[in-house]
Amino acid sequence: MTAPSPAEAADPSAPNEPAAKPTPRRTFGPAAATALVMGNIIGGGIFALPAAVAPYGTVSLLAFVVLSVAAVLLALLFGKLARRSPVTGGLYVYPRDAFGPFAGFLSAWSYWTMCWVSIAALAVAVVGYVDVLIPLHGNHALEAGVALAALWLPAAANFAGTRWVGAVQVVSTILKFVPLLLVSTIGLFFVDADNFGPFNASGESTPGALAAAAALLLYSFLGVESAAVSAGEVENPERTVGRASVLGTLGSALVYLLGTVAVFGLVPHDKLVKSGAPFADAVNAVTGGSWGGTAIALVAVASITGCLNGWILMAAQMPYAAARDGLFPAPFAKVGKGGVPGFGVWAVTVLGTLLIALNYTAGPDTTFRVLVLITTFTGCVPYLLSAAAQLYWLAQGTRELVRPAGLARDLIVAALSFAFSFWLIAGAGYAAVYQGVLFLFAGIPVYVWLQGRKREPAGETSALSV
């Protein structure tokens, strides 16, 4: 390895050797990249989670503030890491370059698991708002059909190519952001303080309730890494990924905080706990009728469908990058005419379909919460490994040539990102961590098989043949 240049040494996280050559196809400009981040963050979360966290009380609002800070730190972290490795597969590439192929595989497997579990949960979240538009009367067959349609329609857009994905993200982000922002601001003028309920309604300690609510709410911030994962398709990724990540996260956090305060203040606490469409109930409280709830239900369906559009692409991109290195089955590395890894899209859509079928067999009210908590664990594992990779590269910097201010800033961002991820895993609870670990360890036989099937160099003899 050659010695780093003074410019590289001044920034200890800068690359000494590029991890991989960026792919030449760049279809996401700054606007589309920012829309991808916002579109993936603002999906089912803001529409479904206020009711899910209502049992914890208004401590959930404090959890949203803490998570907003954590999400911005993660956006800064991924922007810095993308400058080092501006290639598709970000959260897989960073641990691989720092710690070797097994760490890269675990990160890719965990993130891929999070994606298809999250996709299933998002599709289930559509059902509550479709029920506002077209009453489903609790018919599980109809509800499952709606969820499957919400899953397969955006999958079809992905098969059309990344340009279509980017266009859908821009349009769907505008459609949902503008009315949500209007509702979040206008709704604040109708807030009734009596509706908020107790600060801590969980019966647990305040720190415990805060951690538990934050673990659920992390689901609403998954997607902050979207531009980094798809860096190979982003124009000028060294600059665009960081800016798109931060701007998309800040815009989403603003909508989340205002929207959640409005929902908590407009819908009585006892009703919010049981609500299947909390934002529609909040709008109905403002308008005094049902037409407002119908309008917001339409926005919710468009929002979640747009979010699924982006997440399906993300779920295909991560294993694509790993498969190119021989760390995922080879079919995941195949790219169709539209620039989308077609097998990866098929895989996550089929797995999501199976989860949806299981969901409506066990009962959607309980399974949605379980799926959300599993995504918290499986999503935080790549965050932890990426933050650890940044700390590793910072520790490798040449001390005499490092800029103290830049080193201190990058260390704080990486260390806090690691600490937040660890805290969120703990807050997910024993059951979610247990199930998440089972999903994670299920990938080890796949890694063993792939490594064992690699051809031996010429002239070497297997130990078994001696």
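Angles under 35 degrees count as roughly parallel, over 145 as roughly antiparallel, 65 to 115 as roughly perpendicular and the rest as oblique. The model is predicted: local features need pLDDT of at least 70, side-chain atom pairs count only at pLDDT 80 or more, and totals for chains, interfaces and linings use all residues. Residues are numbered from 1 along each chain as its sequence is written, and side-chain values use heavy atoms, with hydrogens and water left out.

**Exercise 1. Helix packing**

Task: Classify the packing of helix H4 against helix H11.

Solution:
- Start with the elements. Helices are DSSP runs (H or I, at least four residues), numbered from the N terminus. H4 covers residues 59–84 and H11 covers residues 237–266.
- Set the geometry. Axes are lines fitted to C-alpha atoms, for helices over the stretch in contact, and angles run from 0 to 180 degrees between N-to-C directions.
- Read the values. The angle is about 170 degrees, and the axes are 8 Å apart.
- Conclude. H4 and H11 are therefore roughly antiparallel to each other.
- Break down the contact by class. It has 17 nonpolar, seven polar and two charged residues. Here Ala, Val, Leu, Ile, Met, Phe, Trp, Tyr, Cys and Pro count as nonpolar, Asp, Glu, Lys and Arg as charged, and the others, Gly among them, as polar.

**Exercise 2. An aromatic pair on H4**

Task: Classify the ring pair of Phe78 and Tyr383, then place both residues.

Solution:
- State the rule. Rings of Phe, Tyr and Trp (its six-membered ring) pair if their centres lie within 6.5 Å; planes under 30 degrees apart count as stacked, over 60 as edge-to-face and the rest as tilted.
- Count. The whole structure has 16 aromatic pairs.
- Apply the rule. Phe78 and Tyr383 are 5.7 Å apart centre to centre, with 50 degrees between the planes, and the pair is tilted.
- Place the partners. Phe78 is in helix H4 and Tyr383 in helix H16 (residues 364–395), 305 residues apart.
- Check exposure. Phe78 and Tyr383 are both buried. Buried means under 20% relative accessible area, exposed over 50%, partly exposed in between (1.4 Å probe, protein chains only).
- Look beyond the pair. One aromatic cluster joins ten named residues, among them Phe102, Trp109, Phe328 and Tyr447.**Exercise 3. Salt bridges**

Task: Find which parts of the chain the salt bridges of Lys80 and Arg96 link.

Solution:
- Define the contact. A salt bridge is a side-chain nitrogen of Lys or Arg within 4 Å of a carboxyl oxygen of Asp or Glu. The structure holds four salt bridges.
- Take Lys80. Its side chain meets that of Asp410 at 3.8 Å, N to O. Lys80 is in helix H4, Asp410 in helix H17 (residues 404–427), and their positions lie 330 residues apart in sequence.
- Add exposure. Asp410 is buried at 7% relative accessible area, and Lys80 is buried at 10%.
- Take Arg96 with Asp97. Their closest N and O atoms are 2.9 Å apart. Arg96 is buried at 15%, whereas Asp97 is partly exposed at 26%.
- Take Arg96 with Asp325. Here the closest N and O atoms are 2.2 Å apart. Asp325 lies in the loop between helix H14 (291–324) and helix H15 (342–362), and Arg96 in helix H5 (residues 90–99), so the pair ties together parts 229 residues apart in sequence. Asp325 is partly exposed at 32%.
- Join the partners. Shared salt bridges connect Lys80, Arg409 and Asp410 in one network.

**Exercise 4. The span of H6**

Task: Test the end-to-end distance of helix H6 (residues 101–133) against its expected span.

Solution:
- Use the rule. The expected span is 1.5 Å times one less than the number of residues.
- Compare. The 33 residues of H6 should span 48 Å, and the end C-alpha atoms are 48 Å apart, which agrees.
- Check cover. In H6, 27 of the 33 residues are buried.

**Exercise 5. Distant in sequence**

Task: Give the place, exposure and C-alpha distance for Leu77 and Gly352.

Solution:
- Leu77 is in helix H4 and is buried at 1% relative accessible area. Leu77 and Ala228 are 151 residues apart in sequence and 10.0 Å apart in space, C-alpha to C-alpha.
- Gly352 is in helix H15 and is buried at 0%. Gly352 and Ser118 are 234 residues apart in sequence, with 8.5 Å between their C-alpha atoms.

Methods: Helices (H or I, at least four residues) and strands (E, at least two) are DSSP runs, numbered from the N terminus.
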